[in-house]
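Me: Can you help me go through the salt bridges in a protein? I'm new to this, so short answers please.

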Amino acid sequence: MISEHQNENQTAQSSSPTEQPSPLPSREPDTSGMTRRGLLKGAASLGALGGLVVPSNALAHNLIGAPTTSPVVEFPRGGQLREYWLQADSFLHNLMPTGVDGMTGNTFTPNQTSFWAIGYRAFSAGFEKPLAGNADLGLNTGIPGPIIRGEVGDTIRVHFRNNDTHYQKPHSISVHALYFGPESDGGWSWMLRDRPGTAVDVGQTYTYEYRAIPRSLGTWPYHDHSVHFDPGKGSMVMEAGAELGLFGMIAITDQNTPKVDKELSVVWHSLYSGDIPGLSQDYHCFDGLAYLGNTPTLRAKVGQKVRWRVVFLGNDFHTFHIHGHTWISNGRFDDTIVVGPGCTLTFDYVEDAPGVWYYHCHVPMHVMAPGMGGMIGLYVVSA
């Protein structure tokens with residue numbers, strides 16, 4: 001939930017492990033736009049990211065030729081306080097609610113595709129009650145966590161509570177690209193095990209504070225970076241909480257970011273049967289779901305200015321691809337981008353291709369293979 005100092009559309013998550021996700025909400029305008037199969041507009045602005053692919057390890061201003069380093073961190077004047085209350089909840093989660101792979105017709109049973117997940121959910125102030133999902137926040141059902149939004153100049157304050165009653169492990173929040181001090185880093189290690197905010201125990205709360213500065217512009221991940229633990233297969237897993245579902249997306253704009261009509265957001269990630277009890281194979285997922293007919297169906301209309309925000313996590317490299325579409329990436333048209341763990345994509349276009357299209361990883365084994373698969377979904381464009 002956002003405080004009185006901000007807009008009403010931020011943070012939330014449902015508290016009941018048995019609650020079923022509601023249908024994918026349509027995404028409302030966010031902030032930034034470009035043309036597909038057309039020309040970039042406003043590329044001289046830091047906010048004009050439309051059509052540009054923005055990897056999470058690149059500064060937005062570097063993409064338009066600004067200096068790569070600066071001895072001084074720029075803190076813009078103005079901005080507002082945006083406050084979120086995020087809770088880590090554990091719940092039983094089924095990756096394939098339909099039980100059918102829409103590509104092959106192969107069937108799965110719930111005991112092959114279900115596991116104990118952990119996800120961030122957004123609450124109203126003081127953790128009073130879980131917030132309903134909406135276009136700005138996302139579904140807020142746990143995987144992924146709610147979208148954290150801000151504008152350059154804003155202070156983003158996140159109150160975190162650990163309610164992981166199943167694994168009963170410490171968790172944290174670690175963000176990419178925002179400006180913060182060590183006390184808000186969230187990254188645990190044995191060497192720095194006493195650093196605050198890196199291992200929030202069950203029942204405890206901790207407050208992180210960040211600033212959105214010019215080099216924060218774009219799309220970024222946030223995720224659990226706390227103590228490594230064994231989810232139940234007999235071996236310690238690095239960032240086990242993030243693999244189990246503790247992750248989400250950050251979207252930062254500025255006053256020059258072009259408006260769009262439709263924002264499509266999705267997190268690509270993987271779950272490994274060698275790490276997690278209950279899974280019959282490795283699953284490559286979109287937003288905690290695997291295989292065609294289960295993964296999110298994304299929608300747009302011809303003529304809309306569309307923005308994609310995509311985050312990639314896990315151990316694998318992927319190739320992001322959309323059938324029937326191209327966009328401008330690094331000064332050229334492209335339809336397939338290689339991405340790795342921790343990377344992101346942000347690109348815009350004007351939709352001009354009606355039809356039912358696939359979006360998927362172009363590594364065939366990540367779509368379907370013995371012992372793994374699932375990374376494909378539908379993108380429906382209406383006339």
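Reply: Here is a quick run through some salt bridges in this predicted model.

Me: How many salt bridges are there in the whole structure?

Reply: The search finds 9.

Me: Pick one. What does Asp136 pair with?

Reply: Asp136 pairs with Arg149. Their closest N and O atoms are 3.9 Å apart. That falls inside the cut-off, because a salt bridge needs the nitrogen within 4 Å of the carboxyl oxygen.

Me: Where do Asp136 and Arg149 sit in the chain?

Reply: Asp136 is in the loop between strand S2 (114-123) and strand S3 (148-151). Arg149 is in strand S3. The two are 13 residues apart.

Me: Is Asp136 buried or exposed?

Reply: Asp136 counts as buried, because its relative accessibility is 17% and the limit is under 20%. Arg149 is buried too, at 7%.

Me: Which residues are in a network with that pair?

Reply: Glu263 and Arg309 are linked with Asp136 and Arg149 in a network of salt bridges.

Me: New topic. What is the N to O distance for Glu209 and Arg157?

Reply: It is 2.7 Å, and their side chains meet in a salt bridge. This pair links distant parts of the chain. Glu209 lies in strand S6 (residues 205-211) and Arg157 in strand S4 (residues 155-163), 52 residues apart.

Me: And how accessible are Glu209 and Arg157?

Reply: Glu209 is partly exposed, at 37% relative accessible area. Arg157 is also partly exposed, at 24%.

Me: Last one. What does Arg332 bind to in a salt bridge?

Reply: Arg332 forms a salt bridge with Asp334, with the closest N and O atoms 3.5 Å apart. Asp334 counts as buried, at 15% relative accessibility.

Definitions and conventions: Residues are numbered from 1 along each chain as its sequence is written. This is a predicted model: local features need pLDDT of at least 70, side-chain atom pairs count only at pLDDT 80 or more; totals for chains, interfaces and linings use all residues. Side-chain values use heavy atoms; hydrogens and water are left out. Helices (H or I, at least four residues) and strands (E, at least two) are DSSP runs, numbered from the N terminus. Buried means under 20% relative accessible area, exposed over 50%, partly exposed in between (1.4 Å probe, protein chains only).
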